[in-house]
Amino acid sequence: MRLSTRFSMRLSSLLTFAAASTLAAIASARPLAAQAAPFDPALAAEIDRRTAAIADKITAWRHDIHQHPELGYQEKRTAALVAAHLRALGLEVQENVGGIPGVIGTLKGAKPGPTVALRADMDALPVAELVDVPFKSTVRTVYNGVETGVMHACGHDMHTAMLMGTAEVLAGMKSRIPGTVKFLFQPAEEVPPLGGAQPMIDAGAMNGVDGVFGLHVGPGPSGTLSYRAGSITAAADSWKIIVKGKQAHGAMPANSVDPIVTSAEIVSALQTIVSRSLDLTAGPAVVTIGAIHGGLRENIIPDSVWMIGTIRTFDPKSRQVIGERMKTIATKIAEAHGATADVHVELGYSSTLNNAAMVSRFSPALKRVAGSKGAFESKSPSMAGEDFSRFADKAPGFFFNLAVTPPNVDLFNVAGNHSPLFQGDDAALPVGTRAMANVALEFLVSGGIPKTP
């Protein structure tokens, strides 16, 4: 296996984007009527120059946002920072879009043309940071009844800072822009099933948009870019099971209906769904228990236990089967123990599908930014979920990955997204900024992509 392919597959498996849907998306994309003219080297050079001039500012924004992380729907400080910057650039700015801390900045070019949207998410995670950096987060919160830290453990601080930089780069090139750029700063990507994308879309964020781009950071050689047509992230659903039994003294278990023992059997049995109930040739799937809680003392058998988790799929039938099997397994095991189980499955983000024509036309821009060996096609999609899928449902979308592992970190033992040890290399920030600026400007200059009937 070539090294770049190995890293690409590792990046895909670690990142915070249905198999039949993938084939349909690729098959339905219309071939280009003609090859787009080469992108003006002078425009690419100007993007490079302007990005280099503000590289320190982008890093400073990232450090500030990282040090002051905010959970989903609470990103007021981050949104205010973004809005103030966009106003200073002379953009039209909308705040509290969708009744949440969403921000839209609109840059109207000097010439007529299509409209392109660029998206960044802003929220952090309930994770206590263990990386010893000068801008380490010390923010604390209570989440699901447990005190914990707050950390940008999925790199959204980098996403936000890079898009702020992209806005400054393109604002400085307004006279050469044919069309309109919408900068979408989205809250609550980490809060399925609703998330932050849908409220912003409902408020008109995607009105008039002809194409949309986004990126996500993750492990891999810093500054490399990966992409693929079709599905790039999985459908992500959430679930909760409440097992109810009968409380009793821990020394007298015969007087109880033990929900802990019952839950232990449920946890083990849930792991058989993927291995024994699904056709995995239709696409990979995951059932994960993310948290389980019951009891307060060592000598008390509690009356109930709750557990929560996530489901990841690409195949619509697998998505349905998992939910049905979870309910059957949990309720029947509980019944066998004299307990009850309430099972709730919430459908969340759908699989993010990259438009094949978008990838075909604009992936060369990524190679222009990172070099022919630094930008490559990923061989497999990620099991992570993303509500960028909702933006891509409204206009042709292209979502790609930026690797950000610092050079001094072992790539074969690197901490992935959502880990308290996740790290992002500041040196990768200009690469992401240049990538977003290049794909946006090339989209506008080339007139977008052919419309499907």
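Helices and strands are DSSP runs, numbered from the N terminus, with at least four residues for a helix (H or I) and at least two for a strand (E). On that basis, P193 falls in the loop between strand 6 and helix 7 (197-202). The model described here is predicted. In that loop, the peptide bond between P192 and P193 is cis. Its omega is about 10 degrees.

The secondary structure of the chain amounts to 13 helices and 18 strands. The radius of gyration is 23 Å. The globule rule gives 22 Å for 453 residues, so the chain is as compact as a globular protein of that length. Along the principal axes, the C-alpha atoms fill a box of roughly 80 × 45 × 45 Å. Of the 453 residues, 55% are buried. The accessible surface of the chain is about 18,700 Å². Carbon and sulfur atoms account for 54% of that surface.

One open sheet is built from eight strands. Their order is 1-2-6-3-7-18-8-17, and the pairing is mixed. Strand 1 (92-97) and strand 17 (375-377) form the edges. Each has a single partner strand, so one side of each is left without a neighbour in the sheet. Direction ignored, neighbouring strands of this eight-stranded sheet are turned by 25 degrees against each other on average.

Strand 3 has strand 6 and strand 7 among its partners. Strand 3 runs parallel to strand 6, with eight bridges between them. Within this pair, R119 has L184 of strand 6 as its bridge partner. Strand 3 also runs parallel to strand 7, here with four bridges. L118 faces F213 of strand 7 across that pairing. Strand 3 (111-121) lies under helix 6 in the sense that the helix crosses it. Eight of the eleven residues of strand 3 are buried, and the strand is mostly covered. In a regular strand, side chains alternate between the two faces of the sheet. The pairing continues from strand 7 (residues 211-221) to strand 18 (residues 397-405). These two strands are parallel and are joined by eight bridges. V212 sits opposite G397 of strand 18.

Helix 6 (residues 156-171) lies across five strands of the model: strand 2 (102-108), strand 3, strand 6 (178-186), strand 7 and strand 18. The helix runs at about 160 degrees to strand 3. D157 belongs to helix 6. How accessible is D157, buried or exposed? The relative accessible area of D157 is 0%, under the 20% cut-off, so D157 is buried. The side chain of D157 makes a polar contact of 2.8 Å with the side chain of H66. Beyond neighbours within four places in sequence, the residues in contact with D157 are R62, I65, H66 and H152.

A second open sheet has four strands in the order 12-14-10-15. The pairing in this sheet is antiparallel. Strand 12 (285-293) and strand 15 (340-349) are the edge strands, and each pairs on one side only. On average, neighbouring strands of this four-stranded sheet are turned by 20 degrees against each other, direction ignored. Strand 12 and strand 14 (residues 304-313) are antiparallel, with eight bridges joining them. V286 stands across from R312 of strand 14. Helix 10 (residues 316-336) lies across strand 10 (235-244), strand 12, strand 14 and strand 15. Its direction is at about 165 degrees to strand 15.

Two asparagines have notable backbone angles. N96 is not a glycine, yet its phi is positive, at about 50 degrees. N96 is in strand 1, an edge strand of the eight-stranded sheet. The relative accessibility of N96 is 57%, over the 50% cut-off, so N96 counts as exposed. N144 is likewise not a glycine and has a positive phi of about 50 degrees. N144 is placed in the loop between strand 4 (140-143) and strand 5 (146-149). With a relative accessible area of 48%, N144 is partly exposed.

Technical notes. Residues are numbered from 1 along each chain as its sequence is written. This is a predicted model: local features need pLDDT of at least 70, side-chain atom pairs count only at pLDDT 80 or more; totals for chains, interfaces and linings use all residues. Side-chain values use heavy atoms; hydrogens and water are left out. Two strands pair if DSSP finds at least two bridges between them. Axes are lines fitted to C-alpha atoms, for helices over the stretch in contact, and angles run from 0 to 180 degrees between N-to-C directions. Contact means heavy atoms within 4.5 Å. The radius of gyration is taken over C-alpha atoms; the globule rule is 2.2 Å times the number of residues to the power 0.38. Buried means under 20% relative accessible area, exposed over 50%, partly exposed in between (1.4 Å probe, protein chains only). Accessible areas come from the Shrake-Rupley method with a 1.4 Å probe; for residues, only the protein chains shown count as cover. A polar contact is a pair of N or O atoms within 3.5 Å; within protein, one must be able to donate a hydrogen and the other to accept it, and residues adjacent in sequence count only if both atoms are side-chain atoms.
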